[in-house]
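Work through the exercises below with the sequence and the model open. Try each task before reading its solution.

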Amino acid sequence: MVDRRPEPPLWEQLAAKSKLLPQGDRLQKVLARLGFGSRRVCEEIIAAGRVSVNGEVAGLGRRVQVETDRIEVDGVPVGARPGLVYYLVNKPTGVVTTSSDTHGRPIVIDIVPPEPRVFSVGRLDADTEGLILLTNDGDLANMIAHPSHGVEKEYLAEVDGGEVTSSQLKRLRDGVELDDGPTAPAKVSQPETGVLRIVIHEGRNRQVRRMCDAVGHPVRRLVRVRIGPISDRSLRPGEWRELSMEELRALTEAVAEETRKYDRGR
Ligand code: URA
């Protein structure tokens with residue numbers, strides 16, 4: 001049967017179509033999703049006039065398209081480049097950080113989704129546990145891995161040989177002689193007997209283990225608990241999550257700060 005109802009007027013047709021078009025999300029929702037805090041906190045950030053969209057200060061309730069609108073908080077653009085992913089993984093022992101292993105051991109990139117393909121930022125020994133970043137952002141990976149931009153890495157080391165004496169702690173802090181040269185000054189404390197908290201900027205092969213060996217306290221267990229501003233005590237071994245936009249920004253800023261220090265001779 002032919003439908004003989006009259007066509008709706010053009011304006012009505014257009015209005016119906018525009019309802020189907022993406023309207024974008026509210027700015028506070030987008031910022032909250034990017035890790036700037038709760039919706040409430042994001043509303044306050046917007047109300048304080050700290051957010052601009054395409055160069056203009058944005059009001060509360062403003063709708064945005066994250067893919068196309070240029071959003072800035074305090075003048076700093078938000079949003080990663082499309083297609084780039086940043087994963088934080090808590091690597092268990094026995095898993096290697098290379099892209100394949102001739103001994104058939106599990107590899108860290110198999111913990112995260114297979115697409116897009118990612119690589120690890122720096123390395124952890126197979127027998128070391130803890131945090132490692134995986135990304136497909138080559139620029140950031142190179143910046144973080146580069147010794148001149150080396151952000152702090154914090155380790156907890158359980159060592160053999162009982163209490164580490166204050167003179168051994170001092171040696172670790174000042175720099176110990178290794179076969180590939182002395183280590184740079186480090187922050188070292190002993191939160192409990194036989195457990196060291198070690199913060200270094202360098203990323204030399206088996207560095208923490210070799211430092212502890214050098215003062216006569218071989219490492220029994222080594223866990224990386226922080227990379228620059230990134231830590232997460234709730235991530236269990238074998239688990240992963242994406243970095244929030246706030247973490248990514250903090251990491252980028254930490255790298256920039258290290259570069260500045262390096263240029264000024266620390
Ligand atoms: N230092 C080490 O000895 N091993 C690691 O995996 C990382 C730092």
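**Exercise 1. A small sheet**

Which residue in β6 is the bridge partner of Val 73?

Solution. The model used throughout is a predicted one.

Step 1. Find strand β5, which covers residues 71–73. Strand β5 is joined to β6 by 2 bridges, and the two run antiparallel.

Step 2. Follow Val 73 across to β6: its bridge partner there is Val 76.

Step 3. Place this pair in its sheet. The sheet is open, has 4 strands in the order β3-β2-β5-β6, and its pairing is antiparallel. Its edge strands are β3 (56–57) and β6 (76–77), each of which pairs on one side only.

**Exercise 2. A residue with positive phi in a loop**

Find where Asn 54 lies and describe its backbone and its exposure.

Solution.

Step 1. Asn 54 sits in the loop between β2 (51–53) and β3.

Step 2. The phi angle of Asn 54 is near 50°, a positive value in a residue other than glycine.

Step 3. The relative accessible area of Asn 54 is 39%. Buried means under 20% and exposed means over 50%, so a value in between counts as partly exposed. Asn 54 is therefore partly exposed.

**Exercise 3. The partners of strand β9**

Which strands pair with β9, and in which sense?

Solution.

Step 1. Start with β9 itself, residues 128–135: the strand is mostly covered, with 8 of its 8 residues buried.

Step 2. Strand β7 (residues 86–91) pairs with β9 in the antiparallel sense over 6 bridges. In this pairing, Asn 90 stands opposite Leu 131 of β9.

Step 3. Strand β8 (residues 119–120) also runs antiparallel to β9, and 2 bridges join them. Here Ser 120 is opposite Leu 134 of β9.

Step 4. With β15, the pairing of β9 is parallel and has 3 bridges. Thr 128 stands opposite Leu 222 in β15.

Step 5. Recall the general rule: strands of a sheet pair through backbone hydrogen bonds, either parallel or antiparallel.

**Exercise 4. A cis peptide bond**

Where is Pro 116 placed, and what is the form of the peptide bond that leads to it from Glu 115?

Solution.

Step 1. Pro 116 is in the loop between β7 and β8.

Step 2. The peptide bond from Glu 115 to Pro 116 has omega near -10° and is cis.

**Exercise 5. An arginine in a strand**

Is Arg 226 buried or exposed, and which side chains does its own side chain contact?

Solution.

Step 1. Arg 226 belongs to strand β15, residues 219–227.

Step 2. Arg 226 has 18% relative accessibility, so it counts as buried.

Step 3. The side chain of Arg 226 makes a polar contact of 2.9 Å with that of Glu 152. Another polar contact, of 2.7 Å, joins the side chains of Arg 226 and Glu 154.

**Exercise 6. The ligand and its surroundings**

Describe the shell of residues around the ligand, the polar atoms that approach it, and its place relative to the domains.

Solution.

Step 1. List the shell: Leu 124, Asp 125, Thr 128, Tyr 155, Arg 206, Gln 207, Val 208, Arg 209 and Leu 222. By type, these divide into 4 nonpolar, 2 polar and 3 charged residues. Helix α6 (residues 207–214) gives the largest share, 3 residues.

Step 2. Look at the polar atoms. An N or O atom in the side chain of Asp 125 is 2.7 Å from a nitrogen atom of the ligand. A polar backbone atom of Val 208 is 3.1 Å from a ligand nitrogen atom. A polar backbone atom of Arg 206 is 3.3 Å from an oxygen atom of the ligand.

Step 3. Consider the cover. On its own the ligand has 240 Å² of accessible area, and the protein covers 95% of this.

Step 4. Compare with the domains. The ligand lies between domain 2 (86–148 + 231–265) and domain 3 (153–227), because both give residues to the shell.

Step 5. Return to Arg 206, in the loop between β14 (195–200) and α6. Its phi is near 45°, a positive value in a residue other than glycine. With 35% relative accessibility, Arg 206 counts as partly exposed.

How values were computed. Residues are numbered from 1 along each chain as its sequence is written. This is a predicted model: local features need pLDDT of at least 70, side-chain atom pairs count only at pLDDT 80 or more; totals for chains, interfaces and linings use all residues. Side-chain values use heavy atoms; hydrogens and water are left out. A residue is near a molecule or strand if one of its heavy atoms lies within 4 Å of it. A polar contact is a pair of N or O atoms within 3.5 Å; within protein, one must be able to donate a hydrogen and the other to accept it, and residues adjacent in sequence count only if both atoms are side-chain atoms. Accessible areas come from the Shrake-Rupley method with a 1.4 Å probe; for residues, only the protein chains shown count as cover. Ala, Val, Leu, Ile, Met, Phe, Trp, Tyr, Cys and Pro count as nonpolar, Asp, Glu, Lys and Arg as charged, and the others, Gly among them, as polar. Domain bounds come from an automatic or database domain assignment. Two strands pair if DSSP finds at least two bridges between them. Buried means under 20% relative accessible area, exposed over 50%, partly exposed in between (1.4 Å probe, protein chains only).
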